[in-house]
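Thank you all for making time for this. I would like to walk slowly through one chain, so please have the sequence and the model open in front of you.

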Amino acid sequence: MDEYNRFVDWDKMDVTAQSQDAKELTCTEFQELKQLARQGYWAKNHSLRAKVYHKLISNIPCRTVTPDANVYRDIVVKIVGKRSSSSLPLPEFVDNSLVPTYCLNAEGIGAVRKIILCIANQFPDISFCPALPSVIALLLHYSKDEAECFEQVCRILACNDPSKRLIDQTFLAFESSCMTFGDLVNKYCQAAHKLMVAVSEDVLEVYSDWQRWLFGELPMVYIARVFDVFLVEGYKVLYRVALALLKFFHKVRAGQPMESDSIQQDIRAFVRDIAKSVSPERLLEKAFAIRLFSRKEIQLLQMANEKALQQKGITVKQKRQNVHLAVHAENFKSEIVSVKEMRDIWSWIPERFALCQPLLLFTTLEHGCSLSRFYSHSEGHEPTLLLIKTTAKEVCGAYLSTDWSERRRGGNKLSFFGTGECFVFRLQPEVERYEWVIIKHPELATMGSEPENHASPASSTLSSSRAPSDPSDRLSPFLSARHFNLPSKTASMFMAGSSESIIIGGGDGQALYLDADLNHGRTSHCNTFNNQPLCSESFQISVLEVWGFRD
């Protein structure tokens, strides 16, 4: 068909989808390339796609000494020898069960293993890279020979631009990406997340499959379209597509019976058979319709998750293991929530703190109904979890991202602080988590944006001179109001405290008020919570607890 057909089994390819029109790509501007990639400009021309891939990969900034095609020709015979390529053992850093064939012929399937072994020889620092076989198998479609494919993959692996994340090569990077994906699901796929929590015993384990959905289960024509955009826009595209896959899965499977022990297999099967329900164009359309955080904000979240894992003893050399820790039943006792309910709450909090165990800091049953004692026991801990049980048996609470000591920054004046990771929730009479409207729907913040040099109380935590504590130094990526294009009137309005009261709420009005005696409270049902009641408008507190996070 063209010069890039050596490894392709054309009998397995949909040749009718290929165009023979002689297209060329002359643009070099990022925005134009981005638009063409999303539109699939080179998707239906095999030769053009090969040339575009070569051009894009050759422009990746790499380490000074990056193995090229000549290196491959020098080492492949020594490494492979006379062994059959189909029986070559793969290195530990790839999953042997995930070597997709992508319509490759027998020579191509064998070439994948040979290239993986040669890469292992040249990149001894790689400790975990499950996406590698998929990337190699895909690029073989658009390479003249094995050496050329090897060189292209090496350039992707050797990228040294700190702002351009491409393929995870360590367990630390991989696991933190899984945690970041879980955080994004929690914010952008709440209906799907609620389903996962309901049917899965370990929702984090389900989300750890997200790269497998893309680099393993997704059919060739789909991953190729994703890779088109990935080479132009980078890692963020992978999150977008994985979120879209989860949204489609929820749409198709919601209401159908699902078992906990089969949910991972169900999602994998859905992705493998996605052509039955979703076209590549529709998948990408859904992915780019998600109003995702900026690349910088996602990078901050990734760094925070990596730091949390490092504090758990996970290193770049760590081999695959399960680091997710559920709330330990034997060490947990609350007068307000059960272990199951606490685990549900744990599924909502940022992933880097879900690695921790709950630590009871304050309870009115033991410490009395004193706001000053509430502060003295809560200060120095970040984040905290507030749980309230009313005399009417209602149970509600809040995840509070910022140390209560921040309230002193306003002097005697009541001032708001906190970050966009704060949220409130209800457990009784029914479970509901309430997002902040100004974060979930940024289009509602239509007033002028914050000036760049504005430092909100929340953003000042980044430059605070206080010594970082563990785990409170896991910085929130949502540190400044300007990240959300919000006016100063609504910036950082999440939590406030004085000697007379506590207020938890934000946006256009406050939601939860607690009096100084910690016996009474009231709520305000503004559009911060989509006009849904958190609990009774006025209530009496039966028990109040504050929980911290312990490694």
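Let us begin with the overall count: the chain has 21 helices and 10 strands. Please keep in mind throughout that this is a predicted model. Of the 551 residues in the chain, 59% are buried, and if we take the contacts with a separation of 6 or more, 75% of them come from residues 24 or more positions apart.

I will turn to the helices now, and start with a pair. Two packed helices are described by the angle between their axes and the distance between the axes. For helix α3, residues 69-80, and helix α4, residues 106-122, the axes come within 10 Å and cross at roughly 105°. An angle of 65 to 115 degrees counts as roughly perpendicular, and α3 and α4 are therefore roughly perpendicular to each other. On the α3 side the contact involves Val71, Tyr72, Ile75, Val76, Ile79 and Val80, and these meet Lys114, Ile115, Leu117, Cys118, Asn121 and Gln122 in α4. Sorted by kind, the residues of this contact are nine nonpolar, two polar and one charged.

In the loop between α3 and α4 you will find tyrosine 102, which has a positive phi, near 45°, although it is a residue other than glycine. With a relative accessible area of 5%, tyrosine 102 is buried, because the cut-off for that word is under 20%.

A second pair is worth setting beside this. The axes of helix α12, residues 236-253, and helix α14, residues 280-289, come within 8 Å and cross at roughly 110°, so α12 and α14 are also described as roughly perpendicular to each other. From α12 the contact uses Arg240, Val241, Ala244, Leu245, Lys247 and Phe248, and from α14 it uses Arg282, Leu283, Leu284, Lys286, Ala287 and Phe288. Here the division is eight nonpolar, no polar and four charged.

What should the 14 residues of helix α11, residues 220-233, span at 1.5 Å a residue? The expected value is 20 Å, and the end C-alpha atoms of α11 are 20 Å apart, which agrees. This helix is mostly covered, since 13 of its 14 residues are buried, and α11 is followed by glycine 234, whose phi is positive, near 95°.

Next comes helix α16, residues 339-346, whose buried residues are Glu341, Met342, Asp344, Ile345 and Trp346. Those buried residues pack against both helices and strands, among them α8, α17, β1 and β10. Helix α8 also holds histidine 193, which counts as buried because its relative accessibility is 4%. If we leave aside the neighbours within four places in sequence, histidine 193 is in contact with Val185, Asn186, Val203, Tyr207, Ser347 and Trp348.

Now for the strands, with β3 at the centre of our attention. Is strand β3, residues 395-400, enclosed or open? Six of its six residues are buried, so β3 is largely enclosed by the rest of the structure. In a regular strand the side chains alternate between the two faces of the sheet. In β3, Val395, Gly397 and Tyr399 point one way while Cys396, Ala398 and Leu400 point the other way, and all are buried.

Strand β3 has partners that we can follow through one residue. It pairs with β2 in the antiparallel sense over six bridges, and isoleucine 388 stands opposite cysteine 396. Strand β3 is also joined to β4, by five bridges, and these two run antiparallel; in β4 the bridge partner of cysteine 396 is arginine 426. The hairpin of β2 and β3 has four residues between the strands, and in it lysine 393 takes a positive phi near 70°.

Two loops beside these strands contain a cis peptide bond. One is the bond from glutamate 382 to proline 383, with omega near 5°, where proline 383 lies in the loop between α19 and β2. Another is the bond from glutamine 428 to proline 429, with omega near 15°, and proline 429 sits in the loop between β4 and β5.

I will finish with leucine 518, in the loop between β8 and β9. Its phi is near 55°, a positive value in a residue other than glycine, and at 1% relative accessibility leucine 518 counts as buried.

Definitions and conventions. Residues numbered from 1 in each chain as written. Predicted model: local features only at pLDDT ≥ 70, side-chain atom pairs only at ≥ 80, totals over all residues. Heavy atoms only, no water. Axes fitted to C-alpha atoms, helices over the stretch in contact; angles between N-to-C directions. Parallel < 35°, antiparallel > 145°, perpendicular 65-115°, else oblique. Contact = heavy atoms within 4.5 Å. Nonpolar A, V, L, I, M, F, W, Y, C, P; charged D, E, K, R; others polar. Buried < 20%, exposed > 50% of the residue type's maximum accessible area, 1.4 Å probe, protein only. Pairing = 2+ DSSP bridges. Expected span 1.5 Å × (residues − 1).
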